[in-house]
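Hi,

Here is the structure I promised to pass on. Have a look at it first, and then read my notes underneath.

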Amino acid sequence: MVSRLVNTIRNVVGITGNVISLFLFLSPVPTFVRIWKKGSVEQYSPVPYLATLINCMVWVIYGLPMVHPNSTLVITINGAGTAIELIYLTLFLIFCHDKKKRLKVLLIALVEVVFMALVAALVLTLAHTTERRSMVVGIIAILFNIMMYASPLSVMKLVISTKSVEYMPFFLSLASFANGVAWTTYAFLPFDPFIAVPNGLGTLFSLAQLLLYATYYESTKRIIAARKETKMEVNLSEVVVSGNHDPKKTTRAN
């Protein structure tokens, strides 16, 4: 009776985690809408999308029936996440005008795909029980899951130095926090250290990002307002200069 109740709660939490994870994967959409409109990736970093891609791929392998049975909820959401991150990276490559940066991102993405294919092949051929396969892939999953949650740390450094959160998407940080909480809860029903450890740490990383956002939100508004004011002044000065140009005087001089 108790085990059935725990299993029901686990499924409910898992489905909730899937929904939150989907929001996490879709949270960069406003960022890419902005990139699309501006026609440039500006100072946005590709690191979170590269980290999320390899994280999703390793969890797809972990959720396979021959690796970790009864993990359908893990494999479905991470399969969707893999597809979504590939779309983001494709858009990033299209709107990145720095050839060296574009080539670097492309090479890293290809290395990730090849690496995960090798991991899957080696685990399925060399490890002959689901317990061993789960342990090997689980350890790898912990590393890449932590890397995904920690990937915005590079952006956090930029935030602190510029005192602006303009290039640290709020919805990505919020969705990461909610995702970490949901999957940490899921990992305790029953206890799964391979899910609990990275998502517990991920919750802390995401909380740090939200605190940073709250700290620099007001200063970001001031910086953006000052930039717009400067741009307006420049445009006004250009209008004045062009207005002072008298075509009649030019004609007389000729």
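**Pockets, cavities and one long-hand helix check**

Let me start with the second largest pocket: α3 and α5 each supply at least two residues of its lining. Please keep in mind throughout that this is a predicted model. α5 gives the most to that lining, with 5 residues. The residues around this pocket are Pro-46, Val-47, Leu-50, Ala-51, Lys-101, Lys-104, Val-105, Ile-108, Glu-112 and Met-147. By class they come out as 7 nonpolar and 3 charged, with no polar residues. The pocket has a volume of about 160 Å³.

Since α5 has come up, a word on that helix. Is its length what you would expect from its residue count? I mean: what should the 28 residues of α5 (residues 99-126) span at 1.5 Å a residue, and how far apart are the end C-alpha atoms? The expected span is 40 Å and the end C-alpha atoms are 40 Å apart, so the two agree. Buried in α5 are Val-105, Ala-109, Glu-112, Met-116, Val-119, Ala-120 and Val-123. An α-helix has 3.6 residues a turn, so residues three or four places apart point the same way. The buried residues of α5 pack against α3, α4 and α6. Two of the names should look familiar: Val-105 and Glu-112 are buried in α5, and both also line the second largest pocket.

Now the largest pocket. Its volume is about 320 Å³. It is lined by 16 residues, and Arg-34, Val-165, Glu-166, Pro-169 and Tyr-213 are the closest to its centre. α2 (29-38), α8 and α9 are the elements that give two or more residues to the lining, and α9 gives the most, with 5 residues. The lining divides into 10 nonpolar, 3 polar and 3 charged residues.

There are also closed spaces inside: the count comes to 3 cavities of 30 Å³ or more. The largest cavity holds about 170 Å³ of space. Of its 15 lining residues, Trp-59, Asn-78, Asn-145, Trp-183 and Asn-199 are the closest to the centre. At least two lining residues come from each of α1 (2-26), α3 (47-62), α4 (72-95), α6 (130-150), α8 (170-187) and α9 (193-243). This lining has 9 nonpolar and 6 polar residues and no charged ones.

The second largest cavity holds about 140 Å³. It is lined by 15 residues, with Leu-24, Thr-52, Met-148, Leu-172 and Ser-176 nearest its centre. Two or more residues each come from α1, α3, α6, α8 and α9, and the largest share, 3 residues, is from α3. Here the split is 9 nonpolar, 5 polar and 1 charged.

Last, the overall picture. The protein has 10 helices and 0 strands. Of its 254 residues, 42% are buried. Among contacts with a separation of 6 or more, 80% are between residues 24 or more positions apart. The accessible surface comes to about 14,500 Å², and 72% of that belongs to carbon and sulfur atoms.

Cheers

How values were computed. Residues are numbered from 1 along each chain as its sequence is written. This is a predicted model: local features need pLDDT of at least 70, side-chain atom pairs count only at pLDDT 80 or more; totals for chains, interfaces and linings use all residues. Side-chain values use heavy atoms; hydrogens and water are left out. Helices (H or I, at least four residues) and strands (E, at least two) are DSSP runs, numbered from the N terminus. Buried means under 20% relative accessible area, exposed over 50%, partly exposed in between (1.4 Å probe, protein chains only). Contact means heavy atoms within 4.5 Å. Accessible areas come from the Shrake-Rupley method with a 1.4 Å probe; for residues, only the protein chains shown count as cover. On a 1 Å grid over the protein atoms alone, a cavity is a set of points where a 1.4 Å probe fits but cannot get out, and a pocket is an open set with protein on both sides within 12 Å along at least five of seven lines; lining residues have an atom within 4 Å of a point. Grid points are joined across faces, edges and corners, and a volume is the space filled by probe spheres set on the points. Ala, Val, Leu, Ile, Met, Phe, Trp, Tyr, Cys and Pro count as nonpolar, Asp, Glu, Lys and Arg as charged, and the others, Gly among them, as polar. The expected span of a helix is 1.5 Å times one less than its number of residues.
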